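Here are a few short exercises to work through with the model open beside you. Try each task before reading its solution.

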Amino acid sequence: MTTTDTIAALALAVAVVAAVAAIGSWRAARNANGAAQTLSRIEQQRLHADLTPHFRCTVVANEARSTAMLRVHLEGPPGLLSHGTIEITASLRNDNPHRGDGPQLAGTRPPEEVRAHIWEPWKSSADGRDDTGRTVAPQQLAIGEWTRYGLTPTTPPPWSTTTTDAWHRDYANEPVRLSITARSMGSEWTVPLEVPVTIETGS
């Protein structure tokens, strides 16, 4: 092998080593970038979970159970103080989200009609409610503030043979199942709650 051949071979070897090193560096950088993105995503999820709003809710009905008042208090967490006011939307949850999913036999109601009915003891009577009384218009709350919503008893669906009195007896001891959606600074949280009903007795 001549000196020229030796030099060419050495140059090729150096080029190969450099190429391998470059590929290794690229892979390391890509892996590091992927790890950084994963850690950032995990941290964002943790921060989002840490800022989940804390609500304290009560429902007080009059002795005749003809009306009730839902009170929603935004208690925390302290990390939300920097967000100022939080937009909240209170909705009544369906006690059985699969209701209406069964076989569609002749004479049965459409699934969307079955699911639209409020299978709960109470519905909203507050201003800004939707047509069914399930959801109330959004409100703004800051940490430490509260709001309240009027409630009225629900009735059996129009296609049911259940009487109103029997319906009310069936739901007499059921809690109010809420879903409160909170939004602030591009973040959104959905908080499910079950609130027992207290009967206000005369003194």
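**Exercise 1. Find the strand order of the open sheet and say which strands stand at its edges.**

Solution. Start with the order: the open sheet has 5 strands, arranged S4-S6-S2-S1-S9, and the pairing is mixed. Next, look at the edges, where you meet strand S4 (122-124) and strand S9 (197-200). Each of these has a single partner strand, so one side of each is left without a neighbour in the sheet. Finally, follow the twist, which averages 35° from one strand to the next. Keep in mind that this is a predicted model.

**Exercise 2. Work out in which sense S2 and S6 pair, and over how many bridges.**

Solution. Locate strand S2 at residues 68-76 and strand S6 at residues 146-153. Their pairing is antiparallel and runs over 6 bridges. To set the register, take Ala 68, which has Leu 151 of S6 opposite.

**Exercise 3. List the elements of the protein from the N terminus on.**

Solution. Count by type to begin with: there are 3 helices and 9 strands. Then read along the chain, and the elements come as α-β-β-β-α-β-β-β-α-β-β-β.

**Exercise 4. Describe the burial, surface and contacts of the protein.**

Solution. Begin with burial: 30% of the 203 residues count as buried, with the cut-off at under 20% relative accessible area. Turn to the surface, where the protein exposes about 12,600 Å², 56% of it supplied by carbon and sulfur atoms. Last, take the contacts with a separation of 6 or more: residues 24 or more positions apart account for 67% of them.

Conventions. Residues numbered from 1 in each chain as written. Predicted model: local features only at pLDDT ≥ 70, side-chain atom pairs only at ≥ 80, totals over all residues. Heavy atoms only, no water. Helix = DSSP H or I, 4+ residues; strand = E, 2+ residues; numbered from the N terminus. Buried < 20%, exposed > 50% of the residue type's maximum accessible area, 1.4 Å probe, protein only. Contact = heavy atoms within 4.5 Å. Areas by Shrake-Rupley, 256 points an atom, 1.4 Å probe, with all protein chains shown as cover. Pairing = 2+ DSSP bridges. Axes fitted to C-alpha atoms, helices over the stretch in contact; angles between N-to-C directions.
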